[in-house]
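Open the model in your viewer and keep the sequence panel beside it. The stops below say what to select next and what is there.

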Amino acid sequence: MFDKLNVGNRTQAALLFAGYNPQGAGKLSASVLVSTYTNSLYGATVLYPRSWTTVARTSTEQLFSNPSNDETIIVSIQNNAARQTAKQWYIQEAPSVDATTITDVQTWDKLSSGIMTPDGNAYYFANGSQVYSVSLSYGPKPSVDSRTTLEMFARSLTVDPSKV
């Protein structure tokens, strides 16, 4: 859905990346294009395309699949007892990664800062004692169709401060 937008059209892309409905007026969260998922235990909320299916794998992991079931976005919560930044936590988990290839990002509400991995397939946001990850899995496919949707998931993340 979002990946079929004409992302060459800077106006549509800018609207989506800022949290606005690229196919109508107002915020994307108020449109009929998306649904909201909330993990009430950890206080994480994300938007996802209404046409996607969702299933809980565990209390800390939710899977979202596109209509053709060949790409999955996973929202998960991991322990961050040391309360590291997202970049510090990621470098500890993936020590062979060159830190200069990690991109800093923010959620739409600008309350969560995080990183995008060098391959662009995952985002990590640290809030208190948790790290919230949003990652894309596309199996043996030769190309990825859901990068724009992945960015929407990641940037729409909100975290209830009473849960961190």
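Two strands count as paired if DSSP finds at least two bridges between them. The model is a predicted one, and the tour begins with a pairing of this kind.

**Stop 1: the hairpin**

Select β1 (34–39) and β2 (44–49). These strands run antiparallel and are joined by 6 bridges. One residue to label is Asn39, whose bridge partner in β2 is Ala44. The two strands make a hairpin with 4 residues between them. In the turn, Gly43 has a positive phi of about 75 degrees.

**Stop 2: the other side of β2**

Add strand β10, residues 158–159. β2 pairs with β10 in the antiparallel sense, over 2 bridges. Ala44 stands opposite Val159 in β10. With β10 shown, the 3 strands form an open sheet in the order β1-β2-β10. Which are the edge strands? They are β1 and β10, each of which pairs on one side only.

Now show the side chains of β2. In a regular strand the side chains alternate between the two faces of the sheet. On one side of β2 are Ala44, Val46 and Tyr48, and on the other are Thr45, Leu47 and Pro49. Are these residues buried or exposed? Both faces are covered, and the residues on either side are all buried. That is 6 of the 6 residues of β2.

**Stop 3: the largest nonpolar core**

Nonpolar side chains tend to be buried together in soluble globular proteins. Here the largest nonpolar core has 24 residues. Select Val46, Phe64, Ile73, Val134, Phe153 and Leu157, which touch the most other members. The elements that give two or more residues to this core are β1, β2, β5 (72–79), β8 (122–127), β9 (130–137) and α3 (147–156).

Take Leu157 alone and display what surrounds it. Leaving out residues up to four places away in sequence, Leu157 touches Ala44, Thr45, Val46, Thr107, Asp109, Phe125 and Tyr132. Ala44, Thr45 and Val46 were already on screen as buried residues of β2.

A second, separate core has 10 residues. To find it, select Trp89, Tyr90, Ile102 and Ile115, which are among its members.

**Stop 4: aromatic rings**

The model contains 6 aromatic pairs. Select Trp52 and Phe153, whose ring centres lie 5.9 Å apart. Their planes are at 50 degrees, so the pair counts as tilted. Trp52 is in the loop between β2 and β3 (53–58) and Phe153 is in helix α3, so the pair ties together parts that are 101 residues apart in sequence. Both residues are buried.

Next, select Tyr90 and Tyr124, another tilted pair, at 5.3 Å centre to centre with 35 degrees between the planes. Tyr90 belongs to helix α2 (residues 86–93) and Tyr124 to strand β8, 34 residues apart. Tyr90 and Tyr124 are buried as well.

Then select Tyr37, Tyr48, Trp52, Phe64 and Phe153 together; they form one aromatic cluster. Phe64 and Phe153 also appeared at the previous stop, in the largest nonpolar core.

**Stop 5: Glu71 and Ser143**

Move to Glu71, in the loop between β4 (61–65) and β5. Is Glu71 buried or exposed? At 0% relative accessibility, Glu71 counts as buried. Its side chain makes a polar contact with the side chain of Ser146, at 2.2 Å. Beyond its neighbours within four places in sequence, the residues in contact with Glu71 include Trp52, Phe64, Leu136, Tyr138, Lys141, Ser143 and Ser146.

Follow that list to Ser143, found in the loop between β9 and α3. Ser143 has a relative accessible area of 40% and is therefore partly exposed. Setting aside residues up to four places away in sequence, Ser143 touches Glu71 and Tyr138.

**Stop 6: the whole chain**

Clear the selections and return to the full chain. It has 3 helices and 10 strands, which run α-β-β-β-β-β-α-β-β-β-β-α-β from the N terminus on. Of the 164 residues, 48% are buried. Among contacts between residues at least 6 apart in sequence, 50% join residues at least 24 apart. For a last display, turn on the accessible surface: it comes to about 8,300 Å², and 51% of it belongs to carbon and sulfur atoms.

Note on methods: Residues are numbered from 1 along each chain as its sequence is written. This is a predicted model: local features need pLDDT of at least 70, side-chain atom pairs count only at pLDDT 80 or more; totals for chains, interfaces and linings use all residues. Side-chain values use heavy atoms; hydrogens and water are left out. A nonpolar core is a set of buried Ala, Val, Leu, Ile, Met, Phe, Trp, Tyr and Cys residues joined through side-chain atoms within 4.5 Å. Buried means under 20% relative accessible area, exposed over 50%, partly exposed in between (1.4 Å probe, protein chains only). Contact means heavy atoms within 4.5 Å. Accessible areas come from the Shrake-Rupley method with a 1.4 Å probe; for residues, only the protein chains shown count as cover. A polar contact is a pair of N or O atoms within 3.5 Å; within protein, one must be able to donate a hydrogen and the other to accept it, and residues adjacent in sequence count only if both atoms are side-chain atoms. Rings of Phe, Tyr and Trp (its six-membered ring) pair if their centres lie within 6.5 Å; planes under 30 degrees apart count as stacked, over 60 as edge-to-face and the rest as tilted.
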